[in-house]
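Student: Could you take one part of this model and walk me through it closely? I'd like the salt bridges as the way in, and then whatever they lead to.

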Amino acid sequence: MPNKKSTNKEINEEKKEIIEAEIEEEISKSENTKKKSSAKNREKNKEEEFDKEDVEQNKYIAVFSYLSFLFLIPLLLKRDSIFCQKHAKQGLVWFAFLILTSFIYFIPLLNIFYGLMVLFITLYSFVQTLAGKYWRIPVLYKWAEKINL
């Protein structure tokens with residue numbers, strides 16, 4: 001009988017060691033994925049950073065990007081400014097979206113919510129541009145990034 005108890009204890013200790021090793025492996029895997037995702041986020045943030053001089057010189061022109069067809073002003077006049085071009089391309093997509101969804105103005109009640117959404121997005125984009133930032137309009141920014149002019 002003492003042999004059975006000692007072997008059971010040994011087996012339990014071995015199981016504990018195996019489980020502990022598996023837990024440590026999972027922890028190290030999750031730490032590695034966190035490091036990779038934070039590295040990707042840093043790269044994305046670096047891409048979004050613009051030259052401060054470019055931003056200061058062109059933010060007042062970039063604001064036109066979100067005012068209807070006036071997106072053409074930064075798109076055509078500031079071809080060398082990355083800041084203006086990103087905003088102008090997003091303004092182009094925003095303008096196309098507004099044209100394609102303009103029928104919503106004829107639907108009662110829905111037109112109120114649509115109008116408020118348009119007003120909010122336009123004003124928020126306007127303010128963010130004046131602050132020297134590039135705010136991605138949800139869903140629409142993906143199309144704006146695909147435009148090559």
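Tutor: Let's go with E145 and R136, which form a salt bridge with their closest N and O atoms 3.5 Å apart. Bear in mind that this is a predicted model. Neither partner is buried: E145 counts as partly exposed because its relative accessibility is 38%, and R136 counts as partly exposed at 22%. That R136 value sits just past the cut-off, since buried means under 20%.

A search of the whole structure turns up two salt bridges, so what does the other one look like? It joins the side chains of K59 and E56, with 3.7 Å from N to O. These two residues lie three apart in helix 2 (residues 52-62), so about one helical turn separates them. K59 is buried, with a relative accessible area of 11%.

Now follow the chain past helix 2. S65 is in the loop between helix 2 and helix 3 (72-77). Buried or exposed, this serine? S65 counts as buried, because its relative accessibility is 1%. Its side chain has polar company from backbone atoms: it reaches the backbone nitrogen of A88 at 3.2 Å and the backbone oxygen of H87 at 3.5 Å. Setting aside residues up to four places away in sequence, S65 touches F71, P74, C84, H87, A88 and G91.

Next comes Y66, which shares some of that company. With neighbours within four places in sequence left aside, the contacts of Y66 include H87, Q90, G91 and W94. Other contacts of Y66, among them T122, S125, F126, T129, W135 and I137, come from further along the chain.

Y66 also takes us into the nonpolar interior. The largest nonpolar core has eleven residues: Y66, V93, W94, I104, Y114, V118, I121, I137, L140, A144 and I147. Helix 4, helix 5 and helix 6 (140-146) each contribute at least two residues to this core, and helix 5 gives the largest share, three residues. There is a second, separate core of seven residues, with F50, V55, Y134 and Y141 among them. In soluble globular proteins, nonpolar side chains tend to be buried together.

Not every nonpolar side chain here is tucked away, though. F103, Y105, F106, I107, L110 and F113 form a nonpolar patch on the surface, and together they have about 690 Å² of accessible area. One of them, Y105, is found in the loop between helix 4 (82-100) and helix 5 (110-130). Y105 is partly exposed because its relative accessible area is 42%.

Stepping back to the whole chain, there are six helices and zero strands, so to speak an α-α-α-α-α-α pattern when read along the sequence. Buried residues account for 26% of the 149 residues. Among contacts with a separation of 6 or more, 57% are between residues 24 or more positions apart. The chain exposes about 11200 Å², and carbon and sulfur atoms supply 62% of it.

Methods. Residues are numbered from 1 along each chain as its sequence is written. This is a predicted model: local features need pLDDT of at least 70, side-chain atom pairs count only at pLDDT 80 or more; totals for chains, interfaces and linings use all residues. Side-chain values use heavy atoms; hydrogens and water are left out. Patches are made of residues with over 30% relative accessible area and no salt bridge: like charges are joined within 9 Å, nonpolar side chains (Val, Leu, Ile, Met, Phe, Trp, Tyr) within 5 Å. Accessible areas come from the Shrake-Rupley method with a 1.4 Å probe; for residues, only the protein chains shown count as cover. A salt bridge is a side-chain nitrogen of Lys or Arg within 4 Å of a carboxyl oxygen of Asp or Glu. Helices (H or I, at least four residues) and strands (E, at least two) are DSSP runs, numbered from the N terminus. Buried means under 20% relative accessible area, exposed over 50%, partly exposed in between (1.4 Å probe, protein chains only). A polar contact is a pair of N or O atoms within 3.5 Å; within protein, one must be able to donate a hydrogen and the other to accept it, and residues adjacent in sequence count only if both atoms are side-chain atoms. Contact means heavy atoms within 4.5 Å. A nonpolar core is a set of buried Ala, Val, Leu, Ile, Met, Phe, Trp, Tyr and Cys residues joined through side-chain atoms within 4.5 Å.
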